[in-house]
Every structure is written in structure tokens, then in C-alpha cells.
Amino acid sequence: MVREGVQENSQVTISSTFHKIFQVLDIWKVFVRLGKVWEVSISPRRSRSGLRFGFCGFREVENPLLLENQLHNIFIGNLKIMVNLPKF
């Protein structure tokens, strides 16, 4: 059953950069508090600065911009997560 005003298949995919100490389970535990998480993945490749890109998919999101603002305020330890919503 889906809440009123929310489509069952509505999804938001978040891309972010993660420090090398973060694992998929760490990210899952943080993001699951904000909504229904259906997928978390972190790329094994690293940028020049040692950061990895990760992706998190949420289902049944009513307001993607509100979710983005909530995610912008997340710290894991003393490291801040940078979040970008997909443009398409």
C-alpha cells in the first residue's frame, strides 16, 4: 500500500562522494532513517583525491528536494556527505 499522493514506483537516486573508510552497510544505515532505501552501491574506483562515488536509490519519495536538503546535513563521524540529485 502506498500513501496518498505518492506513486508506488517513484524513485530518487542520489549520487555522492564517499571517503575511503565508508562501506555500503555504513551508508545504508544512515540513509534508511530518511526513507525507503532500495539500493546502495559504492564504486570501487577512486578519484584523484581518494574519494569514491556512491549511489543510493529511494522509493516512494514525496518531495525529492526536501530529501536532498536532509541528505546535505548528514555527517558520518566528522565527514560530511555531498549529495547531488539526478538532473533527468
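# A guided tour, starting from two phenylalanines

Select Phe-31 and Phe-58 to begin: both of them are buried. What you have open is a predicted model, so treat each stop as a feature of that prediction.

**Stop 1: the ring pair**

Keep Phe-31 and Phe-58 selected and show their side chains. A pair of aromatic rings is described by the distance of the centres and the angle of the planes. Here the centres are 5.9 Å apart, the planes meet at 45°, and the pair is classed as tilted. The count for the structure comes to 1 aromatic pair. Which parts of the chain does the pair tie together? Phe-31 belongs to helix 1 (residues 24-31) and Phe-58 to strand 3 (residues 52-59), so the pair links parts that are 27 residues apart in sequence.

**Stop 2: the whole chain**

Now zoom out and switch to a cartoon view. You can look for 2 helices and 6 strands. Walking from the N terminus, the elements run β-α-β-β-α-β-β-β. Of the 88 residues in the chain, 33% are buried. If you show the surface, the chain exposes about 6,300 Å², with carbon and sulfur atoms supplying 54% of that area. Among contacts with a separation of 6 or more, 60% are between residues 24 or more positions apart.

**Stop 3: the nonpolar core**

Next, select Ile-27, Phe-31, Phe-58, Leu-71, Ile-74, Ile-76 and Ile-81. These are the residues with the most contacts inside the largest nonpolar core, which has 17 residues. Both members of the ring pair from the first stop, Phe-31 and Phe-58, are on that list. Which elements each supply at least two residues of this core? Colour helix 1, strand 2, strand 3 and helix 2, and you have them. In soluble globular proteins, nonpolar side chains tend to be buried together.

**Stop 4: a salt bridge and an unusual backbone angle**

Select Glu-60 and Lys-36. The structure holds 1 salt bridge, and this is the pair that forms it, with the closest N and O atoms 3.2 Å apart. Glu-60 sits in the loop between strand 3 and helix 2 (64-72), while Lys-36 is in strand 2 (residues 36-42), so the bridge ties together parts that are 24 residues apart in sequence.

Stay on Glu-60 a little longer. Is Glu-60 buried or exposed? Its relative accessibility is 14%, and because buried means under 20%, Glu-60 counts as buried. Its backbone is worth a look too: phi is positive, about 55°, although Glu-60 is not a glycine. Most residues other than glycine have a negative phi.

**Stop 5: Arg-52 and its many contacts**

Move to Arg-52, in strand 3. At 9% relative accessibility, Arg-52 is buried. Leave out residues up to four places away in sequence, and Arg-52 still touches Ser-16, Thr-17, Phe-18, His-19, Lys-20, Phe-22, Ile-42, Ser-43, Pro-44, Arg-45 and Arg-46. To see one of these partners, measure from Arg-52 to His-19: their C-alpha atoms are 6.4 Å apart in space, while the two residues are 33 apart in sequence.

**Stop 6: Thr-17**

One of the residues that Arg-52 touches is Thr-17, so select Thr-17 next. You will find Thr-17 in strand 1 (residues 11-18), and at 16% relative accessibility it counts as buried. Which residues does Thr-17 contact, leaving aside neighbours within four places in sequence? They are Leu-51, Arg-52, Phe-53 and Met-82. You can also draw a line from Thr-17 to Lys-80: the two are 63 residues apart along the chain, and their C-alpha atoms are separated by 9.6 Å.

**Stop 7: Glu-68**

Jump to Glu-68, in helix 2. Glu-68 counts as buried, with a relative accessibility of 16%. Beyond its neighbours within four places in sequence, Glu-68 is in contact with Val-83, Asn-84 and Leu-85.

**Stop 8: a patch on the surface**

Finish on the outside by selecting Leu-25, Trp-28 and Val-32. Together they form a nonpolar surface patch with about 270 Å² of accessible area. Where is Val-32? Val-32 lies in the loop between helix 1 and strand 2, and at 41% relative accessibility it counts as partly exposed. Compare that with Phe-31, where the tour began: Phe-31 is buried.

Technical notes: Residues numbered from 1 in each chain as written. Predicted model: local features only at pLDDT ≥ 70, side-chain atom pairs only at ≥ 80, totals over all residues. Heavy atoms only, no water. Phe/Tyr/Trp six-rings, centres within 6.5 Å; stacked < 30°, edge-to-face > 60°. Helix = DSSP H or I, 4+ residues; strand = E, 2+ residues; numbered from the N terminus. Buried < 20%, exposed > 50% of the residue type's maximum accessible area, 1.4 Å probe, protein only. Salt bridge = Lys/Arg side-chain N within 4 Å of Asp/Glu carboxyl O. Core = buried A, V, L, I, M, F, W, Y, C linked by side-chain atoms within 4.5 Å. Contact = heavy atoms within 4.5 Å. Patch = residues over 30% accessible without salt bridge, like charges linked within 9 Å, V, L, I, M, F, W, Y side chains within 5 Å. Areas by Shrake-Rupley, 256 points an atom, 1.4 Å probe, with all protein chains shown as cover.
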